[in-house]
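Subject: Structure handover

Hello,

Here is the structure I said I would pass on. Please look through it first, then read the notes underneath.

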Amino acid sequence: MTSPSSVRWLRVLSGTSSPAIGPDGLIHVGCRDGRIYAVEPGGRIRWVLPLSPSPILGTPAVGADGT
């Protein structure tokens, strides 16, 4: 049995902003590669959005409806 503070999975990305958690539990994070990644609560990447050749340093904003 794992404690609430145990690491359950690890996803290494290219330097990240602080994550934003959507209402469905999807984790959105900006990275130094100019992309936003959406990571499922189990650690699988659901989608990647390339936005810029520059690093994304700010935390993504996620609306109440998941947008």
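The notes below begin with the chain as a whole and then go to single residues.

Please keep in mind that this is a predicted model.

The whole chain

The chain has four strands and zero helices, and the order along the sequence is β-β-β-β. The C-alpha trace spans about 45 × 25 × 20 Å along its principal axes. Of the 67 residues, 28% count as buried. The accessible surface of the chain is about 4500 Å², and carbon and sulfur atoms account for 58% of that surface. If you take the contacts between residues at least 6 apart in sequence, 33% of them join residues at least 24 apart. The chain carries 6 positive and 4 negative charges, and the mean positions of the two groups are 9 Å apart.

The nonpolar core

Which residues make up the largest nonpolar core? There are six: Leu-13, Ile-27, Val-29, Cys-31, Tyr-37 and Val-39. Two elements, β2 (27-30) and β3 (35-39), each give two or more residues to this core. Leu-13 is in contact with three other core members, Val-29, Cys-31 and Tyr-37, and also with Ile-45, leaving aside neighbours within four places in sequence.

Ser-17

Ser-17 lies in the segment before β1 (20-21). Is Ser-17 buried or exposed? Its relative accessibility is 7%, and buried means under 20%, so Ser-17 counts as buried. Not counting residues up to four places away in sequence, Ser-17 touches Val-29, Gly-30, Ile-56, Leu-57, Gly-58, Thr-59 and Pro-60. With Gly-58 there is also a polar contact: the side chain of Ser-17 reaches the backbone oxygen of Gly-58 at 3.3 Å. Val-29, one of the residues that Ser-17 touches, belongs to the core described above.

Glu-40

Glu-40 is found in the loop between β3 and β4 (45-50). This residue has a relative accessible area of 17%, which is under the 20% limit, and therefore Glu-40 is buried. What does the side chain of Glu-40 make a polar contact with? The partner is the side chain of Arg-46, at 3.1 Å. Leaving aside neighbours within four places in sequence, Glu-40 is in contact with Trp-9, Leu-26, Ile-27 and Arg-46. Among them, Ile-27 is a member of the nonpolar core.

Asp-24

Asp-24 is found in the loop between β1 and β2. Its relative accessible area is 51%, and exposed means over 50%, so Asp-24 is exposed. A polar atom of the Asp-24 side chain lies 3.1 Å from the backbone nitrogen of Leu-26. Leu-26 also appears among the contacts of Glu-40. Asp-24 and Pro-41 are 17 residues apart along the chain, and their C-alpha atoms are separated by 9.2 Å.

Val-7

Val-7 has its place in the segment before β1. At 70% relative accessibility, which is over 50%, Val-7 counts as exposed. How far apart in space are Val-7 and Leu-57, C-alpha to C-alpha? They are 24 Å apart, with their positions 50 residues apart in sequence counted as separation. Leu-57 is one of the residues that Ser-17 touches.

Regards

Key
Residues are numbered from 1 along each chain as its sequence is written. This is a predicted model: local features need pLDDT of at least 70, side-chain atom pairs count only at pLDDT 80 or more; totals for chains, interfaces and linings use all residues. Side-chain values use heavy atoms; hydrogens and water are left out. Buried means under 20% relative accessible area, exposed over 50%, partly exposed in between (1.4 Å probe, protein chains only). A polar contact is a pair of N or O atoms within 3.5 Å; within protein, one must be able to donate a hydrogen and the other to accept it, and residues adjacent in sequence count only if both atoms are side-chain atoms. Contact means heavy atoms within 4.5 Å. Accessible areas come from the Shrake-Rupley method with a 1.4 Å probe; for residues, only the protein chains shown count as cover. Lys and Arg count as positive and Asp and Glu as negative; His and the chain ends are not counted. The place of a charge is taken as NZ of Lys, CZ of Arg, CG of Asp or CD of Glu. A nonpolar core is a set of buried Ala, Val, Leu, Ile, Met, Phe, Trp, Tyr and Cys residues joined through side-chain atoms within 4.5 Å.
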